[in-house]
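Here is a note for a colleague who is starting to read protein models, set out as numbered points. Please keep the sequence and the structure in view while going through them.

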Amino acid sequence: MIELVIEARRRSLGGFEVGRVLPFARRRSVGPFVFFDHMGPVRMAAGVPRSADVRPHPHIGLSTVTYLFSGEMRHQDSVGSDQAIRPGEVNWMTAGRGITHSERFDGAIRDHGGEIHGIQAWVGLPDGLQEIDPAFSHHERESLPTFDDIGGARGRLIAGRAFGAESPVKTWSPMVYIHWSMPAGSRIEPSTDDQERAAYVVEGRVVAGEETYGPGQMLVLAPGAPVSLTAAHDSTVMLIGGAPIGPRLIWWNFVASSQERLDQAKADWKAGRFALPPHDRDEFIPLPED
């Protein structure tokens, strides 16, 4: 039923720490999800220094998916997007052959302070689509389908299809991404198809079989095996999954099927061949030495 339990590892992004879940040594991906970071929760004081922002940096071969439980961030990218994201909304950026973007605390957090809490995931692009044109889309909270009572739990469909609904977020391969709010005693039963799937406990505690799992744990579910997750306390759980896209190499912010493509992306960034966001081009993150 539970194939593997992955514990989030603490990683510093400079201004704050995240819990890094994927990739993991024993599990590089779940379906098309090749990266999964739990941001916060962290309380930030008014006047957050710009050193806490994520400066412009490049991506290839993936889509970034930002989803917040609390707080606000400002996204700017090289296709001209300038978009704030707030709780329950989705920022979906497809890098394709190459894009740059920044994530800053401009707005409510910098002005007044507050809590930042959310998930950033990377979804790898399937074979044949890794070099598509870069693009960005924003989706309001109200546009995402919800499930009001599934075993007593409430769900919001971030991407993909589930329970007869389809998210408006454009995806490039079969997948599912659901935010579950689970009152104590509620239960969810993820589908038993042959796609890969995992449940990440953001808050609270859930019971699967005879074991109880808590915050910062990702439960990789055995394909095709029925599983029931019951909330021991009020809990927040993210369900991810979908069809695998095949092996991928990851170096820094680049995802590719070959070392040659990674090397080309490194050389392009070092030589300044990536365009920067038009309204955020005064600084950038240099190529790491290691």
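1. The pairing of strand S13 (residues 146–150) with S14 is a good place to begin: the two run antiparallel and are joined by three bridges. Within this pairing, Phe147 has Gly155 of S14 as its bridge partner. The two strands form a hairpin with two residues between them, and Gly151 in that turn has a positive phi of about 65 degrees. Please bear in mind throughout that this is a predicted model.

2. Strand S14 also pairs with strand S15 (residues 165–166), again in the antiparallel sense, through two bridges, and here Arg161 stands opposite Glu166. S14 and S15 likewise form a hairpin with two residues between them, where Phe163 in the turn has a positive phi of about 50 degrees.

3. A further antiparallel partner of S14 is strand S16 (residues 175–182), to which S14 is joined by six bridges, with Arg156 opposite His179. How many of the 10 residues of S14 are buried? The count is eight, so the strand, which spans residues 153–162, is mostly covered, given that buried means under 20% relative accessible area.

4. Elsewhere, seven strands make up an open sheet in the order S2-S3-S4-S11-S6-S9-S12, with antiparallel pairing. Strand S2 (9–12) and strand S12 (135–139) stand at the edges of this sheet, and because each has a single partner strand, one side of each is left without a neighbour in the sheet. From one strand to the next, the twist averages 20 degrees.

5. Inside that sheet, strand S3 (residues 17–22) and strand S4 (residues 33–44) can be followed in detail, since four bridges join them in the antiparallel sense. Val18 stands opposite Met39 of S4 in this pairing. As general background, strands of a sheet pair through backbone hydrogen bonds, either parallel or antiparallel.

6. The aromatic residues deserve a separate look, as the structure holds 14 aromatic pairs. In one of them, Tyr67 and Phe69 are edge-to-face, with 5.8 Å from centre to centre and 80 degrees between the planes. Tyr67 has a relative accessible area of 0%, and it is therefore buried.

7. Why is the pair of Trp251 and Trp252 edge-to-face? The ring planes stand at 70 degrees, which is over the limit of 60 degrees, and the ring centres are 6.3 Å apart, within the 6.5 Å needed for a pair. Trp252 counts as partly exposed because its relative accessibility is 24%. Ring pairs link these two residues with Phe254, Trp269, Phe274 and Phe284 into a cluster.

8. Charged side chains also meet rings in this model. The charged end of Lys266 sits over the ring of Trp251, at 4.2 Å from its centre, while Lys170 lies over the face of Trp172, at 4.6 Å from the ring centre.

9. Finally, the nonpolar interior should be examined. The largest nonpolar core has 28 residues, and those with the most contacts inside it are Phe36, Tyr177, Met218, Met238 and Ile240. Leaving aside neighbours within four places in sequence, Ile240 is in contact with residues including Leu22, Val30, Phe33, Phe36, Val176, Tyr177 and Met218. Another core, of 22 residues, lies apart from the largest one, and among its members are Ala153, Met182, Leu221 and Ala231. In soluble globular proteins, nonpolar side chains tend to be buried together.

Conventions
Residues are numbered from 1 along each chain as its sequence is written. Side-chain values use heavy atoms; hydrogens and water are left out. Two strands pair if DSSP finds at least two bridges between them. Axes are lines fitted to C-alpha atoms, for helices over the stretch in contact, and angles run from 0 to 180 degrees between N-to-C directions. Rings of Phe, Tyr and Trp (its six-membered ring) pair if their centres lie within 6.5 Å; planes under 30 degrees apart count as stacked, over 60 as edge-to-face and the rest as tilted. Buried means under 20% relative accessible area, exposed over 50%, partly exposed in between (1.4 Å probe, protein chains only). A charge sits over a ring if NZ of Lys or CZ of Arg is within 6 Å of the ring centre and within 35 degrees of the ring normal. A nonpolar core is a set of buried Ala, Val, Leu, Ile, Met, Phe, Trp, Tyr and Cys residues joined through side-chain atoms within 4.5 Å. Contact means heavy atoms within 4.5 Å.
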